[in-house]
Amino acid sequence: MYPSQRNKLQQPHRIKLPAYDEIGLVLQGGGALGSYQAGVYEGMAEVGVEPTRISGVSIGALNTAIIAGNAPADRVEALRGFWNTISQPADFFSHVGARIPAWPGLEDMGRRWSSAWAATRTLVEGQDGFFSPRTHMSLAGLGRKRPDQVSYYDTSALRETLLRYANFDRINDGNIRVSVGAVNVRTGNLVYFDNSTMRLAPEHFIASGALPPGFPAVEIDGEFYWDGGLVSNTPLTEIIKESQHKDTLVFQIDLWSSRGKLPGDFLDVSERTKDIQYSSRTRAITAFMSQNQKHAQMIKALLEHIPEKVRLAHPLLREAQKTADGSAVNVVHLIYKNKSFEGHYKDYEFSKDTMREHWASGLEDIRRSFGHPEWFDIPSREIGFVTRDVHRYRQEVNEIAGLGKDALPPSERSPEEELSGAR
């Protein structure tokens, strides 16, 4: 049962956003963690927020296909179908792990066992509707072979799964602009397959998630492509770079957190390495946009010394005026937070229980974000670029209030949580 089916009373009312020119959805790569993005999208659908543009990488590209490839009323159900297809049901050993007693100090031991076992099953068995081990794996790396033949797993089943849950005519002819990132194996360049310039097929989305050496490269028009996350796992810049002169609201859904605990063993090192490698560089983008805004203000000040007739007559000055006018970009940042039972294998742990927990986390985070309507106001052109993050907000408020960093501030508590806290 999904959280939306259990907690109907917690669902917010539909909201009316300010008149943004563009509403973007940015979906990062992260394998099995991607159901967090599905939960966030369900929360967006609850309040009637529909993206006009989606940019995704890897598992984010697959979620992009499902969202853009369905009518608004069908998207959440299609996401459920897709994630139920590629997630594995519990087996005997998983049930055993779930029944390990919760000893003091070892409350997560049973859950950790079940999670690790599910990840092991993924490595050995693959995932239905997604990928399967190559029959002759021992020969896959020997001799001269095509790039699409050198991998541990075969992803041919994913094509049928995408066709089952996404209408590609709708992706190409609908009202959502779609772009998904992949890396050209020969040149090493990151490219974006965009439905505004080409007809997208399942192969474009599969290529975006073709992470080597597990998954094979995908051939498109004579070139081979790997996972876009090898170069940039967060396609925020793909939307930002075209936001000039537009008021843009972006929902950025990240699956890796740049902040984390210090590692204590080699497995922790492996997990932390992934977090750092695949996390977004939003802070760097923020600094870049802030610098651009300063330049725009300088140009604006200089143009005030030039007569209006001259500014309107000269094409270069007209372009300078557009730059001076700037743009307003508001990024609502949703970042998946690690669960205590997870380990370095969290991106390939596809059990249904964990998938639903990821989904529930995304739904909770976006609902709490919508609980701050002021976050969605269009920033002034003088500010230009702002970011909001419900976890950062929670930590800052709690530090001021002297609460634990993960406690819920009073403004985010439901009536039930307020009552519990009073007790």
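How many salt bridges does a search of the whole structure find? The search returns 19 salt bridges; the model examined is a predicted one.

**View 1. The largest nonpolar core, centred on Phe 205 contacts.** This core comprises 68 residues, and Leu 162, Phe 205 and Phe 251 have the most contacts inside it. Helix H3 (residues 59-68) supplies the largest share, 7 residues. Beyond its neighbours within four places in sequence, Phe 205 is in contact with residues including Ala 61, Leu 62, Thr 64 and Ala 65, as well as Leu 162, Phe 168 and Ile 171.

**View 2. The second core.** Separate from the largest core, a second one of 10 residues includes Ile 239, Ile 240, Ile 285 and Met 289.

**View 3. Salt bridge between Glu 42 and Arg 80.** The closest N and O atoms of this pair are 3.1 Å apart. Because Glu 42 belongs to helix H2 (residues 35-46) and Arg 80 to helix H4 (residues 75-86), the pair ties together parts 38 residues apart in sequence. Glu 42 is buried, at 5% relative accessibility, and Arg 80 is buried at 11%.

**View 4. Salt bridge between Glu 223 and Arg 186.** Here the closest N and O atoms lie 2.7 Å apart. Glu 223 is in strand S8 (residues 223-227), whereas Arg 186 is in the loop between strand S5 (177-184) and strand S6 (190-194), so the pair ties together parts 37 residues apart in sequence. Arg 186 is exposed, with 63% relative accessibility.

**View 5. A network of salt bridges.** Glu 271, Arg 272, Asp 275 and Lys 346 are linked in this network.

Technical notes:
Residues numbered from 1 in each chain as written. Predicted model: local features only at pLDDT ≥ 70, side-chain atom pairs only at ≥ 80, totals over all residues. Heavy atoms only, no water. Core = buried A, V, L, I, M, F, W, Y, C linked by side-chain atoms within 4.5 Å. Buried < 20%, exposed > 50% of the residue type's maximum accessible area, 1.4 Å probe, protein only. Helix = DSSP H or I, 4+ residues; strand = E, 2+ residues; numbered from the N terminus. Contact = heavy atoms within 4.5 Å. Salt bridge = Lys/Arg side-chain N within 4 Å of Asp/Glu carboxyl O.
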